[in-house]
Amino acid sequence: MRIDVITLFPEWIQQLTTLGVTGRAITDGKVELITWNPRDFTDDRHNQVDDRPYGGGPGMVMLAEPLARTLAEVQRQDQARTLVSGMSPQGRVLDQQAVRELAKRPRLILLCGRYEAIDQRLLDSCVDEQWSLGDYVISGGELAAGVVIDAVLRLQPGVLGHQQSAEQDSFSQNATTGNGLLDCPHYTRPEDWRGQTVPEILLSGNHAAIADWRRQQALLATWKTRPELLAGAVLSEKDQRLLAAALADQEA
Ligand code: 9D3
């Protein structure tokens with residue numbers, strides 16, 4: 001996979017090449033990460049990339065021209081006519097389903113905004129889709145692009161190992177962990193940590209009972225924290241029984 005990122009802060013994105021799972025995928029040559037700075041595509045003395053908004057108001061707006069020139073150069077090197085993906089609070093909210101779709105593409109072109117906005121004419125003429133991390137404000141698109149890159153790379157073959165095949169094989173419906181539910185609690189040694197013990201069932205060696213308990217805990221966690229996910233999940237008769245029992249236990 002090749003990922004081109006257009007950003008005024010390429011060093012933010014280049015950081016990814018040095019760290020963790022993304023860093024390894026890049027040094028292993030499983031992915032090529034290339035950054036482009038629109039400032040390098042200006043020809044005025046001040047390398048201007050933004051200006052004041054028509055109609056007034058706070059902040060600055062990114063100029064269309066440097067971004068268009070940058071994109072033209074990126075697309076000159078692209079036979080596949082890759083979609084241009086903007087990072088924007090106005091975008092569609094990213095979820096694991098969207099990540100899976102992005103991960104299938106041979107190439108991504110990620111456009112990071114800074115300042116208040118990007119000139120709408122650039123968005124109308126050059127940007128095919130926009131992605132948001134959710135309904136909160138961050139200062140620019142770079143962290144969002146980093147999130148997309150991390151999420152997409154961990155689905156590339158050979159980047160994660162065993163977990164990754166689990167994710168790809170799952171008959172998942174929506175966001176979150178792949179099966180549409182939040183994860184169950186996990187425990188490791190010691191068996192007693194500062195007076196808190198590990199749930200007995202996990203020490204039983206009864207794998208079927210452990211699987212049921214985990215499923216039940218996942219259902220309960222989802223019901224408590226993200227009930228809207230349960231509405232979209234497919235619950236078997238057994239799931240419904242497990243959840244009802246967990247909720248009854250809570251009452252008691
Ligand atoms: C006052 C209007 N604001 C729009 C909601 C201004 C504004 C806030 C944040 C303009 C640009 C930004 C920069 N944010 C991003 O580039 C961004 C973002 C985000 O802020 N939240 C969630 N996802 C994303 S993806 C890119």
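In which loop is R81 found? In this predicted model, R81 sits in the loop between α3 (64-76) and β5 (84-93), where its phi is near 50°, a positive value in a residue other than glycine. With a relative accessibility of 70%, R81 counts as exposed. A second residue with a comparable backbone description is R194, whose phi is likewise positive and near 50° although the residue is not glycine; R194 belongs to the loop between β9 and β10 (196-197) and is exposed, its relative accessible area being 73%. Another backbone feature is the cis peptide bond between R189 and P190, with omega at about 0°, and P190 has its place in the loop between α7 (162-169) and β9 (192-193).

**Overall form**

The chain contains 10 helices and 10 strands. Its radius of gyration is 23 Å, well over the 18 Å given by the globule rule for 252 residues, so the chain is more spread out than a compact globule. The C-alpha trace spans about 70 × 45 × 40 Å along its principal axes, and 40% of the 252 residues of the chain count as buried.

**Ligand surroundings**

The ligand is surrounded by 16 residues, of which E116, L133, Y136, I138 and G140 are the closest. Three polar approaches to backbone atoms of the protein are collected below.

| Ligand atom | Polar backbone atom of | Distance |
|---|---|---|
| nitrogen | L133 | 2.9 Å |
| nitrogen | Y136 | 2.7 Å |
| oxygen | G141 | 3.3 Å |

On its own the ligand has 580 Å² of accessible area, and the protein covers 75% of that area. Two of the closest residues, Y136 and I138, also take part in a nonpolar surface patch with W12 and L143, the four together having about 410 Å² of accessible area. Within this patch, I138 lies in the loop between β8 (129-132) and α6 (141-153) and is partly exposed, with a relative accessible area of 34%.

**Polar and charged pairs**

E129 is found in strand β8 and, at 16% relative accessibility, counts as buried because the cut-off for that class is under 20%. The side chain of E129 is joined to that of S85 by a polar contact of 2.6 Å.

Side chains of opposite charge can pair when their charged atoms come close, and the structure holds 13 salt bridges. One of them is formed by R69 and E65, at 2.9 Å from N to O; these residues are 4 apart in helix α3 and therefore separated by about one helical turn. Both members of this pair are partly exposed, R69 with a relative accessible area of 32% and E65 with 45%.

Another salt bridge brings together the side chains of E142 and R114, also with an N to O distance of 2.9 Å. This pair links distant parts of the chain, as E142 is in helix α6 and R114 is in the loop between β6 (107-112) and β7 (117-118), 28 residues apart. E142 is buried, at a relative accessible area of 2%, and R114 counts as buried at 13%.

Salt bridges that share partners join R2, D4, D78 and R107 into one network. Within this network, the closest N and O atoms of R2 and D4 are 3.0 Å apart. R2 is buried, with a relative accessible area of 16%, while D4 is buried at 0%.

Methods. Residues are numbered from 1 along each chain as its sequence is written. This is a predicted model: local features need pLDDT of at least 70, side-chain atom pairs count only at pLDDT 80 or more; totals for chains, interfaces and linings use all residues. Side-chain values use heavy atoms; hydrogens and water are left out. Patches are made of residues with over 30% relative accessible area and no salt bridge: like charges are joined within 9 Å, nonpolar side chains (Val, Leu, Ile, Met, Phe, Trp, Tyr) within 5 Å. Accessible areas come from the Shrake-Rupley method with a 1.4 Å probe; for residues, only the protein chains shown count as cover. Helices (H or I, at least four residues) and strands (E, at least two) are DSSP runs, numbered from the N terminus. Buried means under 20% relative accessible area, exposed over 50%, partly exposed in between (1.4 Å probe, protein chains only). A residue is near a molecule or strand if one of its heavy atoms lies within 4 Å of it. A polar contact is a pair of N or O atoms within 3.5 Å; within protein, one must be able to donate a hydrogen and the other to accept it, and residues adjacent in sequence count only if both atoms are side-chain atoms. The radius of gyration is taken over C-alpha atoms; the globule rule is 2.2 Å times the number of residues to the power 0.38.
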